[in-house]
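Please look over the sequence and the three-dimensional model before reading on, and keep both at hand while you work through the report.

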Amino acid sequence: MNIRIGNGYDIHRLVIDRALILGGIEIPHETGLLGHSDADVLTHAIMDALLGALALGDIGHYFPPTDPQWAGADSIELLDQVHRLIQAQGWQIGNIDAVVVAEAPKLKPHIKSICDRLSKALDLPPGQVSIKATTNEGLDSIGNRAGIAAYAVALLVKD
Ligand code: MG
C-alpha cells in the first residue's frame with residue numbers, strides 16, 4: 001500500500017500573558033495558548049496526523065509535557081522532527097488539510113502567513129497545505145473563548 005492517511009486533534013486553553021502562536025505565526029491577541037511548549041495547537045494537530053498515518057503513536061510519546069527539554073519548545077522544530085521521522089521511513093507528505101476552531105481573533109488575515117510558514121517548514125508547495133478557520137458559533141468552551149482547537153488530516157505517499 002503506497003498511501004496512508006492520518007488525523008490529528010488538539011485543544012489548548014487561552015490565558016493572559018501568553019503569546020498566541022498558530023502554525024508558527026505569532027498572532028496579536030489579548031490572550032494566548034497555555035501549554036508546556038509554545039502550545040501551537042494547529043502544528044500539534046498536524047504532527048499527530050502525520051504520526052497517525054504511519055501508526056507511530058502521538059506527539060505526547062515523542063515530546064512528553066513532563067520533559068523539561070520541551071518547555072517553551074518551538075512547535076515548528078518539533079514538526080520538523082516528525083517530518084524527518086516520516087521521511088526516514090520512505091514516506092512523503094501528499095497533502096495536509098487542517099481547520100482551526102477559534103471564536104477570536106479573526107484568523108482570515110493570518111491564514112496565508114500560516115500556510116506559507118507550514119509549507120516552508122515541510123518543504124511543500126503551498127497548494128499542498130490547506131489551513132482553514134471557523135468559529136464555534138459562540139457555543140461551548142471554544143465559543144466562550146476559553147480555548148482554541150484544531151483538527152488535521154494528512155495524506156502520506158510512497159513511490
Ligand atoms: Mg498540544
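The report below goes through the sheet, the helices and some features of the backbone.

This is a predicted model, in which local features need pLDDT of at least 70 and side-chain atom pairs count only at pLDDT 80 or more, while totals for chains, interfaces and linings use all residues. Residues are numbered from 1 along each chain as its sequence is written, and side-chain values use heavy atoms, with hydrogens and water left out.

## The sheet

Helices (H or I, at least four residues) and strands (E, at least two) are taken as DSSP runs and numbered from the N terminus. Five strands build an open sheet, with mixed pairing, and their order is β4-β1-β7-β5-β6. Two strands are said to pair if DSSP finds at least two bridges between them. The edges are formed by β4 (32–33) and β6 (129–134), each of which pairs on one side only. In general, strands of a sheet pair through backbone hydrogen bonds, either parallel or antiparallel.

Strand β1 (residues 3–15) and β7 run antiparallel and are joined by 11 bridges, and within this pairing Asp10 stands opposite Ala150 of β7. Strand β5 (residues 92–101) also pairs with strand β7 (residues 147–157) in the antiparallel sense, here over nine bridges. Gln92 has Val157 of β7 as its bridge partner, and Val101 stands opposite Ala149 of β7.

Val15 belongs to strand β1. With a relative accessibility of 23%, Val15 counts as partly exposed, where buried means under 20% relative accessible area, exposed over 50%, and partly exposed in between (1.4 Å probe, protein chains only). Contact means heavy atoms within 4.5 Å, and, leaving aside residues up to four places away in sequence, Val15 touches Thr31, Gly32 and Leu34. From Val15 to Gln128 there are 113 residues in sequence and 32 Å in space, C-alpha to C-alpha.

## The helices

Helix α1 (residues 41–53) has 13 residues and reaches 19 Å from its first C-alpha to its last, which is close to the 18 Å expected at 1.5 Å a residue; the expected span is 1.5 Å times one less than the number of residues. Because 12 of its 13 residues are buried, α1 is largely enclosed by the rest of the structure. The buried residues include Val41, Leu42, His44 and Asp48.

How are two packed helices described? They are described by the angle between their axes and the distance between the axes. The axes are lines fitted to C-alpha atoms, for helices over the stretch in contact, and angles run from 0 to 180 degrees between N-to-C directions. Angles under 35 degrees count as roughly parallel, over 145 as roughly antiparallel, 65 to 115 as roughly perpendicular, and the rest as oblique.

Helix α3 (residues 75–88) and helix α4 (residues 111–121) pack at an angle of about 40 degrees, and their axes are 10 Å apart. This angle makes α3 oblique to α4. On the α3 side the contact is made by Ile76, Leu79, Asp80 and His83, and on the α4 side by Arg117, Leu118 and Ala121. By class, this contact of α3 with α4 has four nonpolar, one polar and two charged residues, where Ala, Val, Leu, Ile, Met, Phe, Trp, Tyr, Cys and Pro count as nonpolar, Asp, Glu, Lys and Arg as charged, and the others, Gly among them, as polar.

The axes of α1 and α3 are 10 Å apart and meet at an angle of about 10 degrees, and the two helices are therefore roughly parallel to each other. In this contact, Thr43, His44, Ile46, Met47, Leu50 and Leu51 of α1 meet Ser75, Ile76, Leu78, Leu79, Val82, Leu85 and Ile86 of α3. The residues of the contact of α1 with α3 divide into 10 nonpolar, three polar and no charged.

## Backbone features

Most residues other than glycine have a negative phi, and most peptide bonds are trans. The table lists two residues with a positive phi that are not glycines.

| Residue | Phi | Loop | Relative accessibility |
|---|---|---|---|
| Asp17 | about 65 degrees | between β1 and β2 (21–22) | 75%, exposed |
| Ala55 | about 55 degrees | between α1 and α2 (59–62) | 62%, exposed |

The peptide bond from Ala104 to Pro105 is cis, with omega near 0 degrees, and Pro105 lies in the loop between β5 and α4.
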